[in-house]
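Could you walk me through this protein, from its overall layout down to a couple of individual residues? Please keep it informal.

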Amino acid sequence: MQPNEISVTRFEVEDIARYLRATLSQANRIRSNAPAGSYLDSVLSRTIEGLELELAQLRFLLADPEFPATAKSDQRVTRMRRAN
């Protein structure tokens with residue numbers, strides 16, 4: 001394993017996606033109450049775009065048929081690079 005990689009299972013990725021969807025929902029709720037054109041509105045716009053991109057990447061990863069359902073020592077484990 002390289003220093004910037006971690007082992008994750010399909011269930012862990014699904015948990016991450018669930019957390020990101022909840023965060024995205026909350027960011028949208030807060031943004032809807034922010035004044036249009038404000039600094040908060042622009043920061044939340046970029047945050048929402050980033051969350052949507054991460055969710056799309058996780059959906060792509062989960063669609064890979066070789067992505068393991070569980071992490072077993074005898075099973076090939078897909079690696080994800082740590083976020084910097």
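Here is a short tour, starting with the overall layout and ending with two residues.

## The overall layout

Keep in mind that this is a predicted model. The protein has two helices and two strands, and reading from the N terminus the order is β-α-α-β. Of its 84 residues, 27% count as buried.

## The two helices

Helix α1 covers residues 10-32. With 23 residues at 1.5 Å each, α1 should span 33 Å, and its end C-alpha atoms do sit 33 Å apart, so the expected and computed lengths agree. The buried residues in α1 are R10, V13, A17, L20, L24 and A27.

Helix α2 takes up residues 39-63. The same sort of check works here: 25 residues at 1.5 Å a residue should give 36 Å, and the end C-alpha atoms of α2 are 36 Å apart, which agrees. On the buried list for α2 you'll find D41, L44, S45, I48, L51, L55, L58, L61 and L62.

A bit of background helps when you look at lists like these. An α-helix has 3.6 residues a turn, so residues three or four places apart point the same way.

## How the helices pack

Two packed helices are described by the angle between their axes and the distance between the axes. For α1 and α2, the axes come within 9 Å and cross at roughly 155°. Angles over 145 degrees count as roughly antiparallel, and α1 and α2 are therefore roughly antiparallel to each other. Their crossing is left-handed. The residues of this contact between α1 and α2 split into 14 nonpolar, three polar and seven charged.

## The nonpolar core

In soluble globular proteins, nonpolar side chains tend to be buried together. Here, the largest nonpolar core has 14 residues. Those with the most contacts inside this core are V13, L20, L24, L55, L58 and F67. The elements giving two or more residues to the core are α1 and α2, and its largest share, seven residues, comes from α2.

Several of these names have already come up. V13, L20 and L24 are among the buried residues of α1, while L55 and L58 are among those of α2.

## Two residues up close

Is I30 buried, exposed or partly exposed? I30 is in helix α1, and its relative accessibility is 33%, so I30 counts as partly exposed. Its C-alpha atom is separated by 8.2 Å from that of L44, and the two residues are 14 residues apart along the chain. L44 is on the buried list for α2.

Now take L61, which lies in helix α2. At 15% relative accessibility, L61 counts as buried, because the cut-off is under 20%. Which distance separates the C-alpha atoms of L61 and R10? They are separated by 8.9 Å, with these positions 51 residues apart along the chain as the numbering is counted. R10 is one of the buried residues of α1.

Conventions: Residues numbered from 1 in each chain as written. Predicted model: local features only at pLDDT ≥ 70, side-chain atom pairs only at ≥ 80, totals over all residues. Heavy atoms only, no water. Helix = DSSP H or I, 4+ residues; strand = E, 2+ residues; numbered from the N terminus. Expected span 1.5 Å × (residues − 1). Buried < 20%, exposed > 50% of the residue type's maximum accessible area, 1.4 Å probe, protein only. Axes fitted to C-alpha atoms, helices over the stretch in contact; angles between N-to-C directions. Parallel < 35°, antiparallel > 145°, perpendicular 65-115°, else oblique. Left-handed = near helix turned anticlockwise from the far one by under 90°. Nonpolar A, V, L, I, M, F, W, Y, C, P; charged D, E, K, R; others polar. Core = buried A, V, L, I, M, F, W, Y, C linked by side-chain atoms within 4.5 Å.
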